[in-house]
Amino acid sequence: MNYWLFKSEPDAFSLDDLKAMKGKKDHWDGIRNYQARNLMRDDMVKGDLGFFYHSSCKVPGIVGVVEVVKEAYPDHTAWDPEGKYYDPKSSPDNPRWVMVDVKFRQKFSEVISLQKLRTVAKLDGMVLLQKGSRLSIQPVGKTHWDTIIKLSA
DNA sequence: GCCAACGTTGGC
DNA sequence: GCCAACGTTGGC
């Protein structure tokens, strides 16, 4: 059982958007960073849980929890020349990018803001809080996970 | 909108 | 394989 953090701009795709999807699930497409891809492809398994993080918005922070319900498979949005995630170097024969499916699990009663997270000593070392960190899929340690879940209660 | 930090690209 | 130039991310 692994824990993760999924970053998304709520203007593009929010936790509420996920909740509103059929089956409350969707594919996590558009990842175009090798480190993030490798985490999804190599380490993410069905049943893993992840925080849903809202970035580039008024109050950046963790808004809820999602579950990985399908493991990595080719990201077909890379093959659409009209799409904004098009990558000519990816093809069905040789897919360069992958995605997973995630399902809505929980929305916190209030956002646990980045500002708040920075004040919690137990979260020292969390990838999200490291300077210059902009990885869009991040691993979260169990201790950090539990600490944040407690904060949400 | 600014800008620091980071990843990627491509010439050499 | 180095590294300068460029594009992107994301908090503020």
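In the predicted model, Arg 105 and Glu 67 form a salt bridge in which the closest N and O atoms lie 2.7 Å apart. This pair links distant parts of the chain, since Arg 105 belongs to strand E5 and Glu 67 to strand E4, 38 residues apart. Arg 105 is partly exposed, its relative accessible area being 46%.

The structure holds five salt bridges, among them a contact between Lys 107 and Asp 16 with a closest N and O separation of 3.1 Å. Lys 107 is located in strand E5 and Asp 16 in helix H1 (residues 15–20), so this salt bridge ties together parts that are 91 residues apart in sequence. Lys 107 is partly exposed at 44% relative accessibility, and Asp 16 is also partly exposed, at 39%.

A further salt bridge joins Asp 75 to Arg 32, with the closest N and O atoms 3.0 Å apart. Here the linked parts are loops: Asp 75 lies in the loop between E4 and E5, and Arg 32 in the loop between strand E2 (25–27) and helix H2 (34–43), 43 residues apart. Asp 75 is buried, with a relative accessible area of 0%, whereas Arg 32 is partly exposed at 26%.

Burial was also examined in helix H4 (residues 142–152), where His 144, Trp 145, Thr 147, Ile 148 and Ser 152 are buried. Viewed down the axis of H4, these buried residues fall within an arc of 165° and therefore line one face of the helix. In general, an α-helix has 3.6 residues a turn, so residues three or four places apart point the same way. Thr 143 and Lys 150, on the other side of H4, are exposed. The elements covering the buried residues of H4 include strands E1 (3–8), E3 (49–54), E4 (61–74), E5 (98–113) and E6 (137–140), together with helix H3 (114–117).

Methods. Residues are numbered from 1 along each chain as its sequence is written. Chains are lettered from A and ligands numbered from 1 in the order in which they are written. This is a predicted model: local features need pLDDT of at least 70, side-chain atom pairs count only at pLDDT 80 or more; totals for chains, interfaces and linings use all residues. Side-chain values use heavy atoms; hydrogens and water are left out. Buried means under 20% relative accessible area, exposed over 50%, partly exposed in between (1.4 Å probe, protein chains only). Helices (H or I, at least four residues) and strands (E, at least two) are DSSP runs, numbered from the N terminus. The arc is that of the directions from the helix axis to the C-beta atoms. Contact means heavy atoms within 4.5 Å. A salt bridge is a side-chain nitrogen of Lys or Arg within 4 Å of a carboxyl oxygen of Asp or Glu.
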